[in-house]
Amino acid sequence: MTNPTYVEVERALLARWPETKLEPSLERIRALCRLMGDPQNAYPVIQLTGTNGKTSTARMIDALLRELAVRTGRFTSPHLVSMTERVSIDGKPLSEELFVEAYADVAAYAQVVDDSQPIPLSYFEMMVGLAYAAFADAPVDVAVVEVGMGGAWDATNVVDAAVAVLTPIDVDHTRYLGETPGDIAIEKAGIIKAGAQVVTAVQPDDAAAAIAARVSEVGATLHREGIDFGVVGRTPAMGGQLLALQGLGATYDEVFLPLFGAHQAHNAAYALAAVEAFTGGRELDAEIVRAAFATVTSPGRLEVVRRSPTVVLDAAHNPAGARATAEALQEAFAFTPLIGVVGVMADKDVDEILLAFEPVMAEIVCTQNATDRAMPAAELADIAEGIFGSDRVHVARRLPDALEKGVALSESERYGEGVGSGGVLVTGSVVTAGEARVLLAREESVD
């Protein structure tokens with residue numbers, strides 16, 4: 001029997017229970033992994049959780065490990081454009097052909113689980129099983145695994161991670177995770193296992209207490225930002241920033257990171273500490289550290305995808321992410337004006353997201369992405385008018401029209417001396433950023 005096509009695999013995965021719908025149990029993913037011979041136990045794991053910064057930090061960890069001549073697997077979510085982005089080996093996403101082969105290897109086992117469980121495997125659980133099997137088949141020396149949501153009940157958490165990384169914890173996904181950072185941290189700290197090395201960002205007091213309690217309970221070792229490691233120097237530079245990082249084993253100066261914003265500098269510190277912890281807490285070769293960070297990319301995170309005018313994509317989708325993006329924009333760019341093209345999910349804290357962007361956006365074009373979860377553009381505009389004022393708010397339901405409107409506004413003569421230095425920020429959701437990325441790439445190919 002021939003393997004299905006990539007389109008058929010994509011359709012089959014999307015027909016499953018969506019990753020936005022959760023049933024807190026590890027039984028299904030454990031059953032799947034058990035049938036496959038528990039591939040997740042074939043390699044050590046560095047696992048990441050937190051509210052923001054997970055994907056960028058995972059990519060930095062991956063880059064640093066590869067510079068140390070370690071073969072890596074990386075699992076991140078969600079994707080910007082293609083499902084294949086979620087599963088990378090040696091820093092490169094699986095090809096569509098390899099993705100189909102990996103799916104075919106898992107599908108038969110998945111059917112057995114589906115037939116034996118009251119709830120079939122979800123889309124996300126299938127992706128996790130596919131990734132863990134692909135990593136074992138490669139084989140990789142270490143897997144860098146980003147949780148989907150939360151921690152303890154996340155499908156990725158069938159691993160016993162050697163290193164657990166907790167990026168900043170804020171309030172998001174309250175329906176599933178809790179109403180306070182402390183409540184959310186209890187769930188996220190579930191990735192911390194006995195004997196693990198734990199790297200944590202500076203956290204709200206209640207979240208820090210929850211993490212420390214879990215570390216004590218299981219006998220892990222805690223490394224805290226600002227005490228054991230951190231950013232000790234940061235200078236904006238052309239195309240990124242120049243960092244001085246205090247690691248667990250040494251201080252590393254003149255580290256160029258081709259990403260914008262203080263939040264990315266902190267992500268670099270978490271990544272460095274995680275790799276040092278994984279390698280025994282020893283000092284790394286400074287030239288290797290510099291070489292690794294200089295290669296880092298993070299698509300959809302303040303990513304410049306077009307010039308004249310400049311169009312920047314950012315996947316910020318919660319208030320903390322929006323605040324970090326707004327701050328980084330002011331530091332790294334001098335847009336006059338900055339026009340926002342914003343499409344959000346209906347279940348997000350939209351008011352707070354818009355409040356974070358209002359000081360930096362001259363005008364906003366409210367739009368919506370193609371998913372069922374998207375907030376209608378007109379509804380978003382109603383909220384935006386209460387924050388920006390009606391004269392600064394525009395509506396374009398279709399994203400191509402919104403991009404066109406945003407570009408036109410950024411070049412408007414009414415901004416006088418700023419003509420020619422305007423920019424467009426497309427943000428509000430990973431999906432919005434991903435769809436814009438595809439649209440703008442098509443424009444480039446036509447040009």
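Let's start with a sheet: three strands, in the order β9-β10-β11, form an open, antiparallel sheet. Its edge strands are β9 (230-237) and β11 (251-257), each of which pairs on one side only. From one strand to the next, the twist averages 15°. Please keep in mind as you look around that this is a predicted model.

Now zoom in on one pair of strands. Strand β10, residues 240-246, pairs with β11 in the antiparallel sense over five bridges. Within this part of the sheet, you can find Gln246 standing opposite Thr251 of β11. A helix joins the picture here: α9 (residues 262-278) packs on the sheet and touches β9, β10 and β11. The direction of α9 makes about 40° with that of β10.

Next, let's turn to the nonpolar interior. The largest nonpolar core has 42 residues, and those that touch the most other members are Leu13, Phe75, Val87, Phe99, Tyr132 and Phe135. Which elements give two or more residues to this core? They are the helices α1 (6-14), α2 (27-35), α4 (96-116) and α5 (123-137), along with the strands β3 (87-89) and β5 (142-146). The most comes from α5, which gives eleven residues.

Phe99 is a good residue to click on if you want to see this packing at close range. Leaving aside residues up to four places away in sequence, Phe99 touches Tyr6, Val9, Leu13, Met83, Thr84, Leu94, Met127 and Leu130. There is also a second, separate core, made of 37 residues, and Leu48, Val142, Val165 and Val296 are among them.

Our last stop is helix α13, which spans residues 377-388. Its buried residues are Ala377, Leu380, Ala381, Ala384, Ile387 and Phe388. Why do these residues lie on the same side of α13? They cover an arc of only 120° around the axis, and that is what puts them on one side together. On the face turned away from the buried side, α13 carries the exposed residues Asp382 and Gly386.

What do the buried residues of α13 pack against? Their partners are the strands β14 (338-342), β15 (363-366) and β16 (393-395), as well as the helix α12 (350-357). Finally, look just past the end of the helix: α13 is followed by Gly389, which has a positive phi, near 90°.

Conventions:
Residues numbered from 1 in each chain as written. Predicted model: local features only at pLDDT ≥ 70, side-chain atom pairs only at ≥ 80, totals over all residues. Heavy atoms only, no water. Pairing = 2+ DSSP bridges. Helix = DSSP H or I, 4+ residues; strand = E, 2+ residues; numbered from the N terminus. Axes fitted to C-alpha atoms, helices over the stretch in contact; angles between N-to-C directions. Contact = heavy atoms within 4.5 Å. Core = buried A, V, L, I, M, F, W, Y, C linked by side-chain atoms within 4.5 Å. Buried < 20%, exposed > 50% of the residue type's maximum accessible area, 1.4 Å probe, protein only. Arc of directions from axis to C-beta.
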